[in-house]
Amino acid sequence: MTGSNHPGDGNRQSDPSRRTVLRGAAAVTLATAVTSAAATGTASAAGGSSTAVVDHPGAQWLPAARTNFRTAQRPHSHPIDYVLIHVTQERFEDGVAVFQEAGRKTSAHYVVRSADGRIGQCVRERDIAWHAGHPDYDDRSIGITHEGWVDSARWFTEEMYAASAALTAAVCARYAIPVDRTHILGHHQVPGTTHTDPGANWDWEHYLELVRRVKTAS
């Protein structure tokens with residue numbers, strides 16, 4: 001989850017040629033992400049973590065420290081109305097390490113790796129991750145953070161978009177969340193935030209297109 005003190009945070013515009021190149025592989029990558037998740041739903045995740053505790057098939061359980069989230073019984077205790085998109089401003093492993101360090105009082109439900117779309121789950125969806133910086137949005141959202149830096153478009157790979165879109169589509173289906181920009185938000189849209197992620201390089205149009213494609217196919 002990004003702070004506003006990173007040099008050039010969210011101000012650099014994306015390279016239009018990159019979008020053209022990536023779109024050609026979008027359908028294949030998205031299909032691979034969905035098929036892989038379904039195929040590994042009952043298997044053990046990498047590193048020996050059991051998928052029995054994860055909410056998204058194929059995710060690896062990388063639990064946050066107990067002091068960095070709040071236990072709940074959502075959606076019974078709190079409705080889940082939003083998906084909140086973040087960027088780590090860290091490497092995948094470093095972002096997870098922050099969530100696992102006791103006393104940091106920050107976490108997200110999921111972390112998505114840039115190179116291959118690997119998904120780590122750090123907090124159960126029923127529990128409240130501290131990612132929005134706003135109690136009401138924390139209570140009512142699923143937080144998904146993505147490896148990378150907001151001022152570098154190269155981190156937002158097609159593998160990352162496809163895996164994250166499949167995850168968001170599944171979350172929206174579970175909790176009847178509409179697939180639109182009123183309910184799938186960037187961290188910068190949280191009232192009172194100083195954060196700018198996911199930034200100008202995040203391709204919202206492409207991302208929502210992928211989310212809708214997965215939801216239609218399922």
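Which residue is the bridge partner of V83 in β8? In this predicted model, the bridge partner of V83 in β8 is I184. The pair belongs to a sheet whose layout is described below, after an outline of the chain.

The protein chain contains six helices and eight strands. Read from the N terminus, the elements follow the order α-α-β-β-β-α-β-β-β-α-β-α-β-α. The chain has 218 residues, of which 53% count as buried. Among contacts between residues at least 6 apart in sequence, 74% join residues at least 24 apart. The exposed area of the chain is about 9,400 Å², and carbon and sulfur atoms supply 53% of this area.

An open sheet is formed by six strands, in the order β1-β5-β4-β7-β3-β8, with mixed pairing. The edges are occupied by β1 (60-61) and β8 (184-186); each has a single partner strand, so one side of each lacks a neighbour in the sheet. In general, strands of a sheet pair through backbone hydrogen bonds, in either a parallel or an antiparallel manner.

Strand β3 (residues 82-87) runs parallel to β7 (residues 141-146), and six bridges join the two. Within this pairing, H86 stands opposite T145 in β7, and I85 has I144 as its bridge partner in β7. Strand β3 is also joined to β8, by three bridges, and these two strands run parallel as well. The V83 and I184 pair lies between β3 and β8.

The surroundings of β3 can be described residue by residue. Six of the six residues of β3 are buried, so the strand is largely enclosed by the rest of the structure. In a regular strand, side chains alternate between the two faces of the sheet. In β3, one side carries Y82, L84 and H86 and the other carries V83, I85 and V87; all of these residues are buried, and both faces of the strand are covered.

Two helices are described here in relation to the sheet. Helix α3 (residues 92-100) packs on the sheet and touches β4 (110-112), β5 (119-121) and β7. The direction of α3 makes about 165 degrees with that of β4. Helix α6 (residues 204-217) lies across β3 and β8, and runs at about 155 degrees to β8.

Two arginines in loops have contacts with residues elsewhere in the chain. R124 is located in the loop between β5 and β6 (128-129). Leaving aside residues up to four places away in sequence, R124 touches V53, D55, W61 and H109. A polar atom of the R124 side chain lies 3.0 Å from the backbone oxygen of V53. R140 is located in the loop between α4 (135-139) and β7. The side chain of R140 forms a polar contact of 2.9 Å with the side chain of D136. Leaving aside residues up to four places away in sequence, R140 touches R74, P79, I80, D81 and Y82. Of these contacts, Y82 is one of the buried residues of β3.

R74 also takes part in a cis peptide bond, which leads to P75 and has omega near 5 degrees. P75 is in the loop between β2 (69-70) and β3. Another cis peptide bond runs from D197 to P198, with omega near 10 degrees. P198 is placed in the loop between β8 and α6. Most peptide bonds are trans, and most residues other than glycine have a negative phi.

Positive phi values occur at Q89, where phi is near 60 degrees, and at A176, where phi is near 55 degrees. Q89 is in the loop between β3 and α3, whereas A176 is in the loop between α5 (158-175) and β8. Are these two residues buried or exposed? Q89 has a relative accessible area of 12%, and because this is under 20% the residue is buried. A176 has a relative accessibility of 66%, and because this is over 50% the residue counts as exposed.

The structure holds zero disulfides. The cysteines C122 and C172 count as buried, C122 at 1% relative accessibility and C172 at 0%.

Terms used: Residues are numbered from 1 along each chain as its sequence is written. This is a predicted model: local features need pLDDT of at least 70, side-chain atom pairs count only at pLDDT 80 or more; totals for chains, interfaces and linings use all residues. Side-chain values use heavy atoms; hydrogens and water are left out. Two strands pair if DSSP finds at least two bridges between them. Helices (H or I, at least four residues) and strands (E, at least two) are DSSP runs, numbered from the N terminus. Contact means heavy atoms within 4.5 Å. Axes are lines fitted to C-alpha atoms, for helices over the stretch in contact, and angles run from 0 to 180 degrees between N-to-C directions. A disulfide is a pair of cysteine sulfur atoms within 2.5 Å. Buried means under 20% relative accessible area, exposed over 50%, partly exposed in between (1.4 Å probe, protein chains only). Accessible areas come from the Shrake-Rupley method with a 1.4 Å probe; for residues, only the protein chains shown count as cover. A polar contact is a pair of N or O atoms within 3.5 Å; within protein, one must be able to donate a hydrogen and the other to accept it, and residues adjacent in sequence count only if both atoms are side-chain atoms.
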